[in-house]
Amino acid sequence: MTTVFKLYKLIVLYMLDCIDFPLTNSQISEFILEQGYTDYFKLQQAVGELTEDGLIRRDSTHNRTLYYITDEGEKTIRLFRNDVSPDIRKDIQTFLKNKKYELKNEISVRSDYYLNSANEYNVRCQIIEQGLPLIDLTVTVPTKAEASTIANNWSVRNQDIYETVMKNLLR
């Protein structure tokens with residue numbers, strides 16, 4: 001492994017170690033690509049190897065992938081933290097500080113769908129806050145197209161839906 005490729009992996013580990021929530025592939029890519037550290041394909045290779053080596057864990061749904069640092073990943077970044085330059089660490093910390101609310105909000109709203117035993121689709125829509133579901137709603141629909149529409153709309157309209165549900169339940 002080249003020193004430069006090792007750095008890409010350490011940047012990903014450092015990012016995940018600095019926060020208490022997972023990041024999506026696009027969030028990790030946004031930082032690394034905007035900073036010009038590497039290209040998309042090398043980053044994906046680094047992320048894939050980190051996953052294969054058990055340093056990060058991947059949780060995928062139909063529309064996104066979340067990455068979490070593992071215990072082994074935390075041990076690794078502690079050992080090699082100084083291999084990430086102070087300037088890069090500062091860039092990461094600034095990025096995470098400036099975008100923390102946006103990053104956290106993006107991953108706290110989740111939706112996924114799957115085919116159930118009745119050959120219909122269950123759509124699970126969630127808002128997660130501090131690791132616990134604020135709302136966890138499952139809807140059954142007959143077609144994959146409807147399931148996909150609901151899952152996609154949840155990411156845009158979740159606040160309105162949550163507000164409506166709470167208002168009606170608390171009357």
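Biologist: Which residues of α5 are buried?
Modeller: This is a predicted model. Helix α5 spans residues 86-108. Its buried residues are Ile-88, Arg-89, Ile-92, Phe-95, Leu-96, Lys-99, Leu-103, Ile-107 and Ser-108.

Biologist: What do the buried residues of α5 pack against?
Modeller: Two of the partners are helices, α1 (3-17) and α2 (25-35). The others are strands. In full, the buried residues of α5 pack against α1, α2, β1 (23-24), β3 (65-69), β4 and β5.

Biologist: Where is the kink in α5 centred?
Modeller: The helix bends by about 70°. One residue of α5 marks the centre, and it is also on the list of buried residues. The kink is centred on Lys-99.

Biologist: In what order do the 3 strands of the open sheet stand?
Modeller: The pairing is antiparallel. The edge strands, each paired on one side only, are β4 (109-115) and β6 (132-141). Neighbouring strands are turned by 15° against each other on average, direction ignored. The order is β4-β5-β6.

Biologist: How many bridges join β5 and β6?
Modeller: Strand β5 covers residues 121-129. Its pairing with β6 is antiparallel. The count is 9 bridges.

Biologist: Which residue in β6 stands opposite Val-123?
Modeller: Val-123 falls within β5, residues 121-129. Its opposite number lies in β6. That residue is Val-139.

Biologist: At what angle does α5 run to β4?
Modeller: Helix α5 lies across two strands, β4 and β5. Its direction is compared here with that of β4. The angle is about 25°.

Biologist: Which strands does α6 touch?
Modeller: Helix α6 (residues 144-169) packs on the sheet. Its direction makes about 25° with that of β5. The strands touched are β4, β5 and β6.

Biologist: Is Ile-135 buried or exposed?
Modeller: Ile-135 is found in strand β6. Its relative accessibility is 12%. The cut-off is under 20%, so Ile-135 counts as buried.

Biologist: Which residues is Ile-135 in contact with, leaving aside its neighbours within four places in sequence?
Modeller: Three of the partners, Cys-125, Gln-126 and Ile-127, fall within β5, residues 121-129. The other two, Trp-154 and Tyr-162, fall within α6, residues 144-169. The full list is Cys-125, Gln-126, Ile-127, Trp-154 and Tyr-162.

Biologist: How many disulfides does a search of the whole structure find?
Modeller: Take two cysteines as background. Cys-18 is partly exposed, at 35% relative accessible area. Cys-125 is buried, at 2%. The search of the whole structure finds 0 disulfides.

Biologist: How many residues apart in sequence are the parts that Lys-6 and Asp-83 tie together?
Modeller: The two form a salt bridge, with the closest N and O atoms 2.7 Å apart. Lys-6 lies in helix α1 and Asp-83 in the loop between α4 (71-80) and α5, so the pair ties together parts separated in sequence by 77 residues.

Biologist: Which residue meets Arg-81 in a salt bridge?
Modeller: The N to O distance is 2.8 Å. Arg-81 sits in the loop between α4 and α5, and its partner sits in helix α1, 64 residues apart. At 24% relative accessibility, the partner counts as partly exposed. The partner is Asp-17.

Biologist: What is the N to O distance between Arg-124 and Asp-136?
Modeller: Their side chains meet in a salt bridge. Arg-124 is in strand β5 and Asp-136 in strand β6, 12 residues apart. Both count as partly exposed, Arg-124 at 37% relative accessibility and Asp-136 at 36%. The N to O distance is 2.5 Å.

Biologist: How many salt bridges does the structure hold?
Modeller: Side chains of opposite charge can pair when their charged atoms come close. The pair Lys-6 and Asp-83 is one case. The structure holds 8 salt bridges.

Biologist: What separates the C-alpha atoms of Phe-5 and Ala-46?
Modeller: Phe-5 lies in helix α1 and is buried, at 11% relative accessible area. Beyond its neighbours within four places in sequence, Phe-5 is in contact with Lys-42, Gln-45, Ala-46 and Glu-49. Phe-5 and Ala-46 are 41 residues apart along the chain. Their C-alpha atoms are separated by 7.2 Å.

Notes. Residues numbered from 1 in each chain as written. Predicted model: local features only at pLDDT ≥ 70, side-chain atom pairs only at ≥ 80, totals over all residues. Heavy atoms only, no water. Pairing = 2+ DSSP bridges. Helix = DSSP H or I, 4+ residues; strand = E, 2+ residues; numbered from the N terminus. Axes fitted to C-alpha atoms, helices over the stretch in contact; angles between N-to-C directions. Contact = heavy atoms within 4.5 Å. Bend = angle between axes of the 7 residues up to and from the residue. Buried < 20%, exposed > 50% of the residue type's maximum accessible area, 1.4 Å probe, protein only. Disulfide = S-S within 2.5 Å. Salt bridge = Lys/Arg side-chain N within 4 Å of Asp/Glu carboxyl O.
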